[in-house]
Amino acid sequence: METKYITLTKENIATEHICCAFSDKKCKESYELKKEWLRKEFDNGYVFRRLDERAKVFIEYVPAEKAWVPVDAPGYLMINCFWVSGQYKGCGHGKALLQSAIDDARAQGKAGLVTVVGTSKFHFMSDTKWLLRQGFQTVEKLPDGFSLLALKIDSEAPDPSFRAACEAGNARRRTAQSSITPTVARSQSFMYAVRWQRWLKGKAYR
């Protein structure tokens with residue numbers, strides 16, 4: 001039986017699930033907010049493609065110029081989220097979904113793909129080591145543990161980069177935390193994460 005993947009659109013998103021937290025009733029509000037956000041982002045060339053099953057197997061990407069991620073990558077497609085979970089791992093879905101994004105990038109004349117990952121694996125981000133095995137290259141790292149990866153189609157294209165504000169923010173946090181206790185530092189890091197999530201919600205779902 002042929003594996004089927006579907007691409008969400010304004011016409012079908014009302015009746016199709018979007019993978020993340022679709023079975024968790026506590027996340028219903030956020031789930032609907034993301035659907036609302038996606039409807040708007042489709043006009044910016046946003047792609048949400050997933051396995052046609054009730055599973056968390058999907059990829060999301062958008063022209064990097066339209067992405068909310070603080071990265072300069074003109075001419076690239078930005079992978080925002082890419083996930084294969086549970087029993088679906090090792091079945092070729094990751095490679096198939098990634099190839100679909102590469103094919104789209106080629107068809108659009110893009111320089112390649114770019115994405116932000118954890119320098120060490122973060123459970124909430126795409127698998128860094130797997131992406132490197134697929135041909136992605138590390139083009140920049142931040143001290144806070146994030147890396148920028150690129151898969152070039154045009155070998156002559158400039159490397160993407162984090163925006164200067166990212167490093168400036170890291171420097172300010174390092175200076176502020178150098179004079180406080182580890183307990184307070186951990187607390188402040190947690191609160192920074194909470195503020196970041198709130199900012200994302202206001203930025204992405206407005």
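The accessible surface of the protein amounts to about 12,000 Å², and carbon and sulfur atoms account for 53% of that area. The model under discussion is predicted. Of the 206 residues of the protein, 39% count as buried.

**Secondary structure and contacts**

Five helices and nine strands make up the secondary structure of the protein. Their order along the sequence is β-α-β-β-β-β-α-β-α-β-β-β-α-α. When contacts between residues at least 6 apart in sequence are considered, 58% of them join residues at least 24 apart.

**The second largest pocket**

The second largest pocket has a volume of about 410 Å³. Its lining is formed by 20 residues, of which W83, V84, K89, D127 and W130 are the closest to the centre of the pocket. Three elements, β5 (76-84), α2 (93-107) and α3 (128-133), each supply at least two residues of this lining. Sorted by class, the lining of the second largest pocket holds eight nonpolar, seven polar and five charged residues. As a general point, rolling a probe the size of a water molecule over the atoms shows where empty space is left.

**Aromatic pairs**

The protein has three aromatic pairs. One of them joins W37 and Y46 in an edge-to-face arrangement, with 5.2 Å centre to centre and 75 degrees between the planes. Both W37 and Y46 are buried. Another pair is formed by F82 and W130, whose ring centres are 5.7 Å apart; the planes of F82 and W130 stand at 75 degrees, which is over the 60 degrees required, so this pair is also edge-to-face. Because F82 lies in strand β5 and W130 in helix α3, the pair ties together parts that are 48 residues apart in sequence. F82 and W130 are both buried. W130 is also among the residues closest to the centre of the second largest pocket, and β5 and α3 both contribute to the lining of that pocket.

**Selected residues**

Three further residues illustrate buried and exposed positions in the protein; their relative accessibilities are listed below.

| Residue | Location | Relative accessibility |
|---|---|---|
| T128 | helix α3 | 8%, buried |
| Q87 | loop between β5 and α2 | 65%, exposed |
| I6 | strand β1 (residues 5-7) | 11%, buried |

T128 belongs to helix α3, the helix that also holds W130. Its relative accessibility of 8% is under the 20% limit, so T128 counts as buried. Leaving aside residues up to four places away in sequence, T128 touches V117, G118, T119 and L149.

Q87 is situated in the loop between β5 and α2. With a relative accessibility of 65%, a value over 50%, Q87 therefore counts as exposed. The C-alpha atoms of Q87 and A55 are 9.3 Å apart in space, while the two residues are 32 residues apart in sequence.

I6 is part of strand β1 (residues 5-7). The relative accessible area of I6 is 11%, which is under 20%, so I6 is buried. Among residues beyond four places away in sequence, I6 touches E16, F48, R49, R50 and D52. I6 and F58 are 52 residues apart in sequence, with a C-alpha to C-alpha distance of 9.5 Å.

Key:
Residues numbered from 1 in each chain as written. Predicted model: local features only at pLDDT ≥ 70, side-chain atom pairs only at ≥ 80, totals over all residues. Heavy atoms only, no water. Helix = DSSP H or I, 4+ residues; strand = E, 2+ residues; numbered from the N terminus. Buried < 20%, exposed > 50% of the residue type's maximum accessible area, 1.4 Å probe, protein only. Contact = heavy atoms within 4.5 Å. Areas by Shrake-Rupley, 256 points an atom, 1.4 Å probe, with all protein chains shown as cover. 1 Å grid on protein atoms, 1.4 Å probe; cavity = no way out; pocket = protein on both sides within 12 Å on 5 of 7 lines; lining within 4 Å. Points joined across faces, edges and corners; volume = space filled by probe spheres on them. Nonpolar A, V, L, I, M, F, W, Y, C, P; charged D, E, K, R; others polar. Phe/Tyr/Trp six-rings, centres within 6.5 Å; stacked < 30°, edge-to-face > 60°.
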